[in-house]
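Biologist: Can you put the chain up so we can go through it together? I have a few questions about how the parts fit.

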Amino acid sequence: MIRNSHLVFLLFFCTSVWTNCEAFTFQQRSRHNLSSIAMRRNPSHRSRTNLNRFPRGGQSDTASPQLVSGLKFTLVPDFGGTSTFDNLPFLQSTLVFAGANVLGFIISLLTGSHLHLDLLGTGAFALASLPSLFSEHCPTRIFVSSAAVFTWSAKLASFLFFRALKLKTDGRLQDTLSTVSGTFGFWLISFMWGIICSLPHTLGTTSAEPGSSLALTLGGIVYLLGLATESMADYQKWVFKQNHPGKFCDIGLWSISQHPNFFGNLLLWSGILIMNSDSLIERGVKQVEI
């Protein structure tokens, strides 16, 4: 039977998806209503309604304050202009993570294999980054952030898949994956981990702001340092375990930290967060009487 904790995770997931769908629908409805009001008040403005639309991954065609003709207010940017946020990239990422983990759950039930666990669970990050990575209209910030996520995911998923091919099974998950409820719980947590862990990137893709070059540079340095730390820690432990099976790794980075690979992972995701931090600030608008 499905445990209560699994039901809580499932309820949280369904609520999150529903909330984001409602937010996206409200956003589209609000834009449509504003355009409709402007056209009813002044039909001659019909040809200029595109000024209120922002291309995905870019800025508006004008940086001047927007004036909706016929209305008694104008929208004046506060501290640097308005920001445009689009939930669609986040929804696309959520669907990719859901599809990858559902596929993993089905394979686990049918085969009982452990080979695909990290290949799908970690590889889903790379798949989720592809739409932004190959978008024709995304800012440099989103491209760099997507490339960073893809590189990390492809590197780690490949290594973990190689390790799984050598070890065949993961003894830590033997009991968990031996039951349907345990298998469901594992892939549900894997899905939630993907959504939460990728937020520094996926939230950044919802913003059309170009971001700060300083934040992008600093975030890139922190990311590379984290990627190098994680990769070195994984390599050192793998080599040590091959020569000293059953012993605790205490060489290299492992001699100064109990989990240097986790530290590297936290560091690289912090770098991705820094890359996107400036673009996540919502620059509001204020109403000015005319």
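Modeller: We can go from the overall fold to the helices, and then to single side chains. Keep in mind that this is a predicted model.

Biologist: How many helices and strands does the chain have?

Modeller: There are eight helices and three strands. In sequence order the pattern runs α-β-β-α-α-α-α-α-α-α-β.

Biologist: And what share of the residues is buried?

Modeller: Buried residues are 40% of the 290 in the chain.

Biologist: What about contacts, how many join residues at least 24 apart?

Modeller: Take the contacts between residues at least 6 apart in sequence: 82% of them join residues at least 24 apart. Thr94 and Met192 give a case of distance along the chain versus distance in space. They are 98 residues apart in sequence, and their C-alpha atoms are 9.6 Å apart.

Biologist: Where is Thr94, and is it buried or exposed?

Modeller: Thr94 sits in helix H2. Its relative accessibility is 10%, and under 20% counts as buried, so Thr94 is buried.

Biologist: Let's do helix packing. How does one describe two packed helices?

Modeller: By the angle between their axes and the distance between those axes.

Biologist: OK, what are those values for H7 and H8?

Modeller: The axes of H7 and H8 are 7 Å apart, and the angle is about 165°. Angles over 145 degrees count as roughly antiparallel, so H7 is roughly antiparallel to H8. The crossing of H7 with H8 is left-handed.

Biologist: And how do H4 and H8 cross?

Modeller: The axes of H4 and H8 come within 9 Å, with a crossing angle of roughly 165°. H4 and H8 are therefore roughly antiparallel as well. H4 also passes H8 in a left-handed crossing.

Biologist: Which residues make that contact?

Modeller: On the H4 side they are Arg141, Val144, Ser145, Ala148, Val149 and Trp152. On the H8 side they are Asn265, Leu268, Trp269, Ile272, Met275 and Asn276.

Biologist: Trp152 and Trp269 caught my eye. Which cluster are they in?

Modeller: Ring pairs link them with Phe97, Phe125 and Trp193 into a cluster.

Biologist: How many aromatic pairs are there in the chain?

Modeller: The count is nine aromatic pairs. One of them is Phe105 with Phe184, where the ring centres are 5.9 Å apart and the planes are at 80°. Planes over 60 degrees apart count as edge-to-face, so that is what this pair is.

Biologist: Where do those two sit in the chain?

Modeller: Phe105 is in helix H2, residues 88–111, and Phe184 is in helix H5, residues 180–197. The two are 79 residues apart, and the pair links distant parts of the chain.

Biologist: How are the rings of Phe186 and Trp187 arranged?

Modeller: Their centres are 5.2 Å apart and their planes are at 85°, so this pair is edge-to-face too. Trp187 is buried, at 3% relative accessible area.

Biologist: Changing topic: charges. How many salt bridges are there?

Modeller: Two. In general, side chains of opposite charge can pair when their charged atoms come close. One bridge joins Lys155 and Glu230, at 2.6 Å from N to O. Lys155 is in helix H4, residues 140–167, and Glu230 is in helix H7, residues 213–243. They are 75 residues apart in sequence.

Biologist: Which of the two is buried and which is partly exposed?

Modeller: Glu230 is buried, with a relative accessible area of 3%. Lys155 is partly exposed at 24%.

Biologist: What else does Glu230 touch?

Modeller: Leaving out residues up to four places away in sequence, Glu230 touches Trp152, Leu156, Asn261, Gly264, Asn265 and Leu268 as well as Lys155.

Biologist: And which side chains form the other salt bridge?

Modeller: Asp170 and Arg172, at 2.8 Å from N to O. Asp170 is buried at 17% relative accessible area, whereas Arg172 is exposed at 64% relative accessibility.

Biologist: Last one. What is the phi of Lys168?

Modeller: Phi of Lys168 is near 75°, which is a positive value in a residue other than glycine. Lys168 is in the loop between H4 and H5. At 55% relative accessibility, Lys168 counts as exposed.

Conventions. Residues numbered from 1 in each chain as written. Predicted model: local features only at pLDDT ≥ 70, side-chain atom pairs only at ≥ 80, totals over all residues. Heavy atoms only, no water. Phe/Tyr/Trp six-rings, centres within 6.5 Å; stacked < 30°, edge-to-face > 60°. Helix = DSSP H or I, 4+ residues; strand = E, 2+ residues; numbered from the N terminus. Buried < 20%, exposed > 50% of the residue type's maximum accessible area, 1.4 Å probe, protein only. Salt bridge = Lys/Arg side-chain N within 4 Å of Asp/Glu carboxyl O. Contact = heavy atoms within 4.5 Å. Axes fitted to C-alpha atoms, helices over the stretch in contact; angles between N-to-C directions. Parallel < 35°, antiparallel > 145°, perpendicular 65-115°, else oblique. Left-handed = near helix turned anticlockwise from the far one by under 90°.
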